[in-house]
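User: Please go through the ligand site and the sheet of this model with me.

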Amino acid sequence: MSELVPLKVQMVAATEFTPPPDVPWSTDADGGEALVEFAGRACYESWDKPNPRTATNAGYLRHILEVGHLSLLEHASVTFYITGISRSCAHELIRHRHLSFSQLSQRYVPEADADVVVPPGIAGDPELQRLFLAAADASRASYAELLAALEARLADSPGAALRRKQARQAARAVLPNATETRVVVTGNFLAWRHFVAVRASEHADLELRRLSIECLRRLVELAPAIFGDFEITRLADGTEVATSPLATEA
Ligand SMILES: Cc1cc2nc3c(=O)[nH]c(=O)nc-3n(C[C@H](O)[C@H](O)[C@H](O)COP(=O)(O)OP(=O)(O)OC[C@H]3O[C@@H](n4cnc5c(N)ncnc54)[C@H](O)[C@@H]3O)c2cc1C
């Protein structure tokens, strides 16, 4: 029986910043936010802060976002370990070329016990969920049957590890798009902002939208001056979106 698994987004790494001791400057933030400010000030050696509007880290970064000096955001990065997403969601996620990925291998890890992710558009409706789970169970049964048949057919081939990989890579063709995958994703602040801008919009796939909003929540906790301009609101259908007047991509 297929088990449903919830989305989990864990931040596992983020930029640390060590200010150079020979620069006459300090700020009221740390980590990536401080690094972005440092990089901006290093362009002009503007270590003193005559303008009160940009004297704080938050004020300075707001100005950077407003004037579009966005390459500064590429200096700081964040890594998430994301579990409880479907293969179809991951397929859309990995289209973002400035993020880096390490994804669970279906060729090395057997999927016989893999969980499935119920699409948000199905979750909560008992009849739709019953249909969904029946289909997932049927595909999982076909996978197990095909895997056993492939392993038997390859029994005389050399190398047990290679045989298992060959059997799994063929049998996985019948697994559903809803099969859970797990992925480590690293990106710089600019890449995460772009991802949120296009995937937290109402036009994006619901599961990926939910993921991007979860990432946004973690990013706002870490770096409110970089991500806090995104506002999370609810649409009439009860789903969430995030938009920002400073993000023009969406
Ligand atoms: C609502 C929605 C529907 C979609 N539907 C489909 C679909 O039906 N079929 C489909 O195939 N895809 C679809 N996509 C995926 C979409 O085409 C992009 O592949 C995906 O959103 C990645 O975004 P991106 O290309 O803007 O940016 P990223 O890869 O995240 O890159 C960020 C930005 O960097 C720049 N950039 C990156 N690489 C290059 C490059 N080689 N040359 C120039 N500039 C570059 C661009 O400005 C780009 O916007 C959809 C996306 C959305 C949001």
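**Ligand site and sheet**

Analyst: The residues around the ligand, with a heavy atom within 4 Å of it, are Arg-95, His-96, Arg-97, His-98, His-194, Val-198, Arg-199 and His-203. The model is predicted: local features need pLDDT of at least 70, side-chain atom pairs need pLDDT 80 or more, and totals for chains, interfaces and linings use all residues. Residues are numbered from 1 along each chain as its sequence is written, and side-chain values use heavy atoms, without hydrogens and water.

User: How far from an oxygen atom of the ligand is the side chain of Arg-97?

Analyst: Polar contacts here are pairs of N or O atoms within 3.5 Å. A polar side-chain atom of His-194 is 2.9 Å from a ligand oxygen, and one of Arg-199 is at 3.2 Å. For an N or O atom in the side chain of Arg-97, the distance to a ligand oxygen is 2.7 Å.

User: Why is one side of strand E1 and of strand E3 left without a neighbour in the sheet?

Analyst: Strands are DSSP runs (E, at least two residues), numbered from the N terminus, and two strands pair if DSSP finds at least two bridges between them. The open sheet has 4 strands, paired antiparallel in the order E1-E2-E4-E3. E1 (8-14) and E3 (100-103) therefore each have a single partner strand, as both stand at the edges.

User: Which residue in E4 stands opposite Ser-102?

Analyst: E3 and E4 (residues 180-188) run antiparallel and are joined by 4 bridges. Opposite Ser-102 in this pairing is Val-184.

Methods:
Polar contact = N/O pair within 3.5 Å; in protein donor to acceptor, adjacent residues only side chain to side chain.
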